[in-house]
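Here is a model to open in your viewer. A colleague would like a close look at one part of it.

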Amino acid sequence: MPASYVVAREFEYLVPSATGRLGCHAVGVENFATLREFILANREGDDPTELMRLCSPRGIGEAIQLQNYVGVVELKNGLQIEVLPKIDISPGAGVTDREVFARMLSELGTDVPFGMFDRASLSSGRTPLFEIFVSMFLDETASLVRRGIRSAYIPVESEERFVRGKIDFPKELRKGPAKAEVISLVHDELLPDRPENRLVKSTLDHLRHRSRDSENVRRTTQLLSAFEGVRKSYNVEADLACCVDNRSTKSYRTLIAWCRVFLRGESFTMFKGDNVATALLFPMERIFEDYVGRSLRRVAMRDDAVSKVELQATGQWLFEGRRVSLRPDVLLESRNGRRVVLDTKWKRLFGPRDLSAADMHQMYAYGQRYRTEGEDMQHVVLLYPWHEGVNPGVMPSGRHVSIDGVQVDMFFVDLANAKNSMNELLGFMKELTWTDA
């Protein structure tokens with residue numbers, strides 16, 4: 001019988017039946033066929049998304065290789081596949097890869113505030129990632145209920161013996177003599193049955209049936225009682241379109257983002273698939289970029305030598321006429337006006353020979369366009385995750401210098417000791433901005 005819950009890591013394999021090989025996870029023949037359809041559906045269109053890859057490794061046979069999208073995928077038949085990143089932990093760090101991942105995810109910048117992410121539950125390894133996401137939604141809903149759900153004036157049709165609101169003249173003209181004593185009216189009443197509340201109630205009802213955690217199910221049932229006067233949403237798209245975003249509905253913004261995830265199957269990355277109930281998937285490039293960028297900014301802005309740290313910097317274009325915008329992940333500027341451009345790459349590199357020509361072309365363009373007037377050398381730093389095959393920090397042999405004054409360096413971030421890595425990286429950048437190598 002196939003497993004109903006699978007935990008795998010980046011670039012491991014999903015197979016139809018057990019192979020006994022490390023890194024291979026059996027999901028069952030039917031589930032494997034469903035996942036194959038999911039992969040093929042996401043290959044279509046002008047902008048295909050390779051969440052997983054079909055392959056046939058020697059000694060394994062037909063398989064699905066996970067890519068660098070992490071999170072959880074749940075099929076409509078109940079199978080949950082949890083994909084975790086492949087993170088190397090340095091000796092003596094005292095943390096697990098799940099704990100490091102929890103830290104990284106808490107820095108992710110999306111509509112959903114992952115700063116409130118339950119690190120303890122993920123770090124322990126006892127709670128599935130899907131249930132942690134459900135718990136986050138329930139926490140947000142409980143906060144809304146404590147503050148009070150919002151009501152809105154909603155048109156209500158009624159027949160009264162006295163006039164209130166507006167007379168519904170079309171109905172009044174059509175009514176028969178049997179209702180001569182009443183008047184057809186349309187008036188507004190302050191009711192909780194508004195689109196935002198309908199979406200939240202529908203999501204609670206949906207999760208009550210999909211969650212496998214008894215505590216989450218209990219909380220879901222308890223919270224549903226606060227929405228007694230609210231109908232379930234029978235047209236999710238229409239209700240999402242009618243949601244109002246203003247000061248009165250500020251407390252609903254995060255909840256509506258979660259509703260899109262759970263009701264529409266809309267993930268933090270776009271995907272297609274009729275047999276997928278929920279897919280909360282995050283590209284590791286984005287998680288690594290946000291984690292390193294925000295961690296570096298916290299450290300750098302406490303240093304008097306730094307004047308500005310800009311994430312996803314804008315203002316420079318590759319061609320004249322503001323064509324092809326250049327957006328490096330981090331732009332650091334020192335008090336003396338010198339700048340260092342940094343770009344993150346979620347790749348496992350062992351040395352300069354593994355550098356991509358496309359990445360180097362990109363770094364060269366950054367160096368040319370972000371060079372300040374009169375500066376002889378523009379410094380660019382490529383940031384990679386540390387792994388056991390390299391030393392953390394700067395790789396001396398990874399330095400590349402062009403004849404027209406662009407210097408590219410390689411730096412490996414130890415994710416298990418991110419604060420130390422950021423301090424070391426800042427010290428290295430200060431050396432670059434004070435003296436040319």
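Below are the request and one long reply.

Colleague: Let's zoom in on strand E7 (residues 80–84). Which residues point one way from E7, and which the other way? Take the rest of the fold from there, please.

Modeller: Ground rules up front: this is a predicted model, where local features need pLDDT of at least 70 and side-chain atom pairs count only at pLDDT 80 or more, while totals for chains, interfaces and linings use all residues. Residues are numbered from 1 along each chain as its sequence is written, and side-chain values use heavy atoms, with hydrogens and water left out.

Now E7. Gln80, Glu82 and Leu84 point one way, whereas Ile81 and Val83 point the other. Both sets are buried, meaning under 20% relative accessible area (over 50% is exposed, in between is partly exposed; 1.4 Å probe, protein chains only). So 5 of the 5 residues of E7 fall under that cut-off. Helices (H or I, at least four residues) and strands (E, at least two) are DSSP runs, numbered from the N terminus.

E7 has strand partners to look at as well. Strands pair if DSSP finds at least two bridges between them. Strand E1 (residues 5–9) pairs with E7 in the parallel sense, over 5 bridges, and Val6 has Ile81 as its bridge partner there. Strand E6 (residues 69–75) runs antiparallel to E7, with 4 bridges joining them; in this pairing Val72 stands opposite Glu82. The E6 and E7 hairpin has 4 residues between the strands, and Gly78 takes a positive phi near 105 degrees.

Positive phi turns up without glycine too. Just along from E1, in the loop between E1 and strand E2 (13–15), Phe11 has a positive phi of about 70 degrees. Phe11 counts as partly exposed because its relative accessibility is 39%. Val324, in strand E14 (residues 323–326), is another non-glycine with a positive phi, near 60 degrees. With 47% relative accessibility, Val324 is partly exposed as well.

Val324 also belongs to a nonpolar surface patch with Leu318 and Phe319, with about 270 Å² of accessible area together. Patch residues have over 30% relative accessible area and no salt bridge; like charges are joined within 9 Å, and nonpolar side chains (Val, Leu, Ile, Met, Phe, Trp, Tyr) within 5 Å. A salt bridge here is a side-chain nitrogen of Lys or Arg within 4 Å of a carboxyl oxygen of Asp or Glu. The areas come from the Shrake-Rupley method with a 1.4 Å probe, and for residues only the protein chains shown count as cover. Leu318 lies in strand E13 (residues 316–319) and, at 33% relative accessibility, is partly exposed.

For a helix, try H10 (residues 284–300): its 17 residues should span 24 Å at 1.5 Å a residue, and the end C-alpha atoms are indeed 24 Å apart. (The expected span is 1.5 Å times one less than the number of residues.) H10 is mostly covered, with 12 of its 17 residues buried, among them Phe288, Glu289, Asp290 and Tyr291.

A few local contacts next, meaning heavy atoms within 4.5 Å and skipping neighbours up to four places away in sequence. His387 sits in the loop between strands E17 (378–385) and E18 (393–394) and is buried at 2% relative accessibility; its contacts are Asp88, Arg348, Leu349 and Phe350. Pro352, in the loop between strand E16 (339–344) and helix H11 (357–369), is partly exposed at 27%. Pro352 touches Met395, Ser397, Gly398, His400 and Met410. Its C-alpha is 9.9 Å from that of Pro396, 44 residues apart in sequence. Over in helix H4 (residues 129–147), Ser135 is buried at 17% and contacts Asn216 and Arg219.

To zoom back out, the protein has 12 helices and 20 strands, and 50% of its 437 residues count as buried. Of the contacts between residues at least 6 apart in sequence, 66% join residues at least 24 apart. The accessible surface comes to about 21700 Å², 49% of it from carbon and sulfur atoms.
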